[in-house]
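Grab a pencil and have the sequence and the 3D view open side by side. Try each task before you read its solution.

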Amino acid sequence: MSSSDDFLTSLQSVQTNLFRIGGPILLVFGVVSCVVNLIIFTQKNLRKSPCSIYLIAVNIANFVYITFAVLFTTLSVGYSIDLTTYNLFMCRFFYYTSYLSDILSAFYLILASIDRVLVTSSNARTRQKSTPRLAYICVGCGTLFWMLFHCHALILVDIQEIALGYFTCYYRAGSFLAYISFCFGCYVYLFISKTFRKEVKRLFFCC
């Protein structure tokens, strides 16, 4: 039993030191990389390109994720400073910002990939769909959708006491599962809907 406890203590010590040393390094490199990318893609000859618009959005989302999610995790694990357990607003804001910026980064990359498919199409009408106007519409509507989709983190997250004197910021039991089940049902309905599929094809591929 003692050897098992020693092993777990050693693992916890390794994790703490990794975040204490590696966390600040990741933060610095991540922030610098995002800033450099934003400087490049916002140049006058690039920012009019639809793909550049998507990549600008990707780097903004990554910057927000690094600034909040990585910073808070580094402070919590590496330095035992958990800001989310002292204030309910910070608890909910941390979850909301982390989820939102994480999903938006992947979403913008998907849009950039779709834009490359449009540009390389052999159909001239399909290539014409790759415009800055469409890029701004997709980024704006997509951002609004995901902001509303993840608003559950502003309501269903609380500071909970999981042990005597030990608090953590997490979802309420049962509420999150019910919400995810509802959203999954909505997704299934959309993707099996013929009308939805036809509208997507018409928007991007002129079918």
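Below are five exercises with worked solutions on this predicted model.

**Exercise 1. Get an overview**

Work out how many helices and strands the protein has, and in what order they run.

Solution. Start by counting: there are seven helices and two strands. Next, walk along the chain from the N terminus, and you read α-α-α-α-α-β-β-α-α. Then look at how much is tucked away: of the 207 residues, 30% are buried. The accessible surface comes to about 13,300 Å², and carbon and sulfur atoms own 70% of that. Finally, check the contacts: of those between residues at least 6 apart in sequence, 68% link residues at least 24 apart.

**Exercise 2. Classify two aromatic pairs**

Decide whether F89 and F93 are stacked or edge-to-face, then do the same for Y95 and Y170.

Solution. The structure has twelve aromatic pairs, and we'll take two of them. For F89 and F93, the ring centres are 5.6 Å apart and the planes meet at 15°. Planes under 30 degrees apart count as stacked, so this pair is stacked. Both residues are in helix 3 (residues 88–119), and being four residues apart puts about one helical turn between them. How open is each one to the surface? F89 counts as exposed because its relative accessibility is 56%, while F93, at 27%, counts as partly exposed.

Now for Y95 and Y170: their centres are 6.4 Å apart, with 75° between the planes. An angle over 60 degrees counts as edge-to-face, and that's the class of this pair. Y95 belongs to helix 3 and Y170 to strand 2 (residues 166–171), so the pair ties together parts 75 residues apart in sequence. Y95 is buried, since its relative accessible area is 13%.

To finish, zoom out: F89, F93, Y95 and Y170 belong to one aromatic cluster, along with F68, F72, F94 and Y99.

**Exercise 3. Look around Y79 and S80**

Find which charged residue sits over the ring of Y79, then say what stands out about the phi of S80.

Solution. Begin with Y79: the charged end of R20 sits over its ring, 5.7 Å from the centre. Move on to S80, which is in the loop between helix 2 (50–79) and helix 3. Its phi is near 55°, a positive value in a residue that isn't glycine. Here's the background you need: most residues other than glycine have a negative phi. As for the surface, S80 counts as exposed because its relative accessibility is 62%.

**Exercise 4. Place S105**

Is S105 buried or exposed, and which residues does S105 touch?

Solution. First locate S105: you'll find it in helix 3. Its relative accessible area is 11%, and buried means under 20%, so S105 is buried. Now look for neighbours, skipping residues up to four places away in sequence: S105 touches V58, A61 and N62.

**Exercise 5. Map a nonpolar patch**

Which residues form a nonpolar patch with about 720 Å² of accessible area together?

Solution. Colour these on your surface view: I21, I25, V28, F29, V32, V36, I40 and L46. Together they make up that nonpolar patch on the surface. Pick out L46 and trace its place in the chain: it's in the loop between helix 1 (2–41) and helix 2. With a relative accessible area of 30%, L46 counts as partly exposed.

Key. Residues numbered from 1 in each chain as written. Predicted model: local features only at pLDDT ≥ 70, side-chain atom pairs only at ≥ 80, totals over all residues. Heavy atoms only, no water. Phe/Tyr/Trp six-rings, centres within 6.5 Å; stacked < 30°, edge-to-face > 60°. Buried < 20%, exposed > 50% of the residue type's maximum accessible area, 1.4 Å probe, protein only. Lys NZ or Arg CZ within 6 Å of the ring centre and 35° of its normal. Contact = heavy atoms within 4.5 Å. Patch = residues over 30% accessible without salt bridge, like charges linked within 9 Å, V, L, I, M, F, W, Y side chains within 5 Å. Areas by Shrake-Rupley, 256 points an atom, 1.4 Å probe, with all protein chains shown as cover. Salt bridge = Lys/Arg side-chain N within 4 Å of Asp/Glu carboxyl O.
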